[in-house]
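Hello,

Here is the structure we talked about. Please open it alongside this email. My notes follow below.

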Amino acid sequence: MRIVILGSSVYSETACAMAVRLAQMEQVPVGALALSTLNRGTLLRKLRQWGAREVANYARAKLMPQRRDQAPKLHNIYLQPLLNPKGDLFRSLREVAGLYSFPVAICDDQNSPNAIAQLRKWSPDLIIFTGGNILRQTVLAVPRLGVLNVHLGLLPEIRGMNSPEWSLLKNVPVGITVHYIDAGIDTGPILQRYEFPDTVARESLSDLRNRLIAFGVEKVGDVVAALDHGSISPIPQSDLNEDRQFFVMHEWLRARAAERLARSRKPSLAGTLNE
């Protein structure tokens with residue numbers, strides 16, 4: 001199967017881990033298309049998600065040369081088994097591509113004519129989206145099968161932003177959905193839903209998000225294998241007319257979600273979650 005990865009940056013840990021996961025399955029990508037490092041939309045999204053200090057630390061870890069006596073750092077430590085398989089940490093898609101021999105292209109907009117021309121040149125059966133722009137129909141129409149996404153919530157119950165937090169507040173099991181992207185917001189056909197099994201070890205909201213991202217990379221590999229063998233088919237979402245899209249969560253609500261998460265780690269208080 002010919003697979004292309006779309007990434008928010010060449011330094012995206014998720015994109016790098018996805019490429020390694022596919023390569024280990026003998027599904028080496030035919031190409032990866034990433035946004036430029038200083039893409040405005042990506043920077044604004046990271047600032048909203050992480051805050052200025054965390055973004056600065058991330059940029060420093062990725063862009064500054066490492067001293068020989070300094071251990072490389074990951075933002076998402078749960079991706080380490082994929083990004084540090086032999087003791088040498090992958091810091092960019094170019095390093096992964098150098099090992100597994102696939103091309104990496106850079107663009108300012110994944111919907112631009114140049115980006116679409118590059119994608120068509122690679123002629124993918126499947127595109128895996130790991131971050132970037134809101135994709136338009138011209139991109140979605142390029143791959144034979146579709147554009148795959150990992151949503152950090154169970155669809156159709158939890159659509160939109162801050163999915164793990166909204167899952168906690170709405171008493172929906174925390175999990176991920178592997179689905180095809182369509183013109184809506186998290187409304188595309190579902191390939192597989194997975195509830196997150198590690199319910200006790202979630203230390204914080206950011207820790208939970210990182211665990212879900214790593215869980216998603218693992219499960220996308222399973223879905224890709226099933227697609228390659230023709231043993232899985234997409235199922236259209238139901239209840240699309242219902243208003244189930246959630247937006248960026250206010251800090252007050254995030255604090256309530258964090259409280260729910262802390263309480264869920266205490267078995268003696270688990271019954272109070274449904275108050």
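In which direction, left-handed or right-handed, does α1 cross α9? The crossing of α1 past α9 is right-handed. Before the details, please keep in mind that this is a predicted model.

**The α1 and α9 pair**

Helix α1 covers residues 13–24, and helix α9 covers residues 205–229. Their axes are 10 Å apart, and the packing angle is about 35°. On the α1 side, the contact is made by T14, A17, M18, R21 and L22. On the α9 side, the partners are I213, V217, E218, V220, G221, D222 and V224. Sorted by class, this contact has 7 nonpolar, 2 polar and 3 charged residues.

**Overall picture**

The protein has 275 residues, and 49% of them count as buried. It contains 10 helices and 9 strands. Take the contacts with a separation of 6 or more: 69% of them come from residues 24 or more positions apart. The exposed area is about 14000 Å². Carbon and sulfur atoms supply 52% of that area.

**Cysteines**

How many disulfides does a search of the whole structure find? The count is 0. Two cysteines are worth a look for their accessibility. C16 has 1% relative accessibility, so it counts as buried. C107 has a relative accessible area of 9%, and it is buried because the cut-off is under 20%.

**H179**

H179 sits in strand β7, residues 175–180. Is H179 buried or exposed? H179 is buried, because its relative accessible area is 2%. Leaving out residues up to four places away in sequence, H179 touches V147, L148, N149, H151 and L155. It also touches D186, G188, P189, I190 and L191.

**Backbone points to check**

Most residues other than glycine have a negative phi, and most peptide bonds are trans. Three places here are worth viewing against that background.

- The peptide bond from L155 to P156 is cis, with omega near 5°. P156 lies in the loop between β5 (146–151) and β6 (159–160). L155 is also one of the residues that H179 touches.
- N162 has a positive phi, near 50°, and is not a glycine. Its place is the loop between β6 and α8 (163–169). N162 counts as buried because its relative accessibility is 14%.
- N171 is not a glycine either, yet its phi is positive, about 60°. Look for N171 in the loop between α8 and β7. With 39% relative accessibility, N171 counts as partly exposed.

Why does N162 count as buried, and why does N171 count as partly exposed? Buried means under 20%, and partly exposed runs from there to 50%. N162 is at 14%, so it counts as buried. N171 is at 39%, so it counts as partly exposed.

**A258**

A258 belongs to helix α10, residues 251–264. Its relative accessible area is 32%, so A258 is partly exposed. How far apart in space are A258 and L168? From C-alpha to C-alpha, the distance is 8.4 Å. In sequence, A258 and L168 are 90 residues apart.

**Where to start**

I would open the view on α1 and α9, with their axes 10 Å apart. Then go to H179 in β7. From there, follow the contact of H179 with L155 to the cis bond between L155 and P156.

Best wishes

Notes. Residues numbered from 1 in each chain as written. Predicted model: local features only at pLDDT ≥ 70, side-chain atom pairs only at ≥ 80, totals over all residues. Heavy atoms only, no water. Disulfide = S-S within 2.5 Å. Buried < 20%, exposed > 50% of the residue type's maximum accessible area, 1.4 Å probe, protein only. Axes fitted to C-alpha atoms, helices over the stretch in contact; angles between N-to-C directions. Helix = DSSP H or I, 4+ residues; strand = E, 2+ residues; numbered from the N terminus. Left-handed = near helix turned anticlockwise from the far one by under 90°. Contact = heavy atoms within 4.5 Å. Nonpolar A, V, L, I, M, F, W, Y, C, P; charged D, E, K, R; others polar. Areas by Shrake-Rupley, 256 points an atom, 1.4 Å probe, with all protein chains shown as cover.
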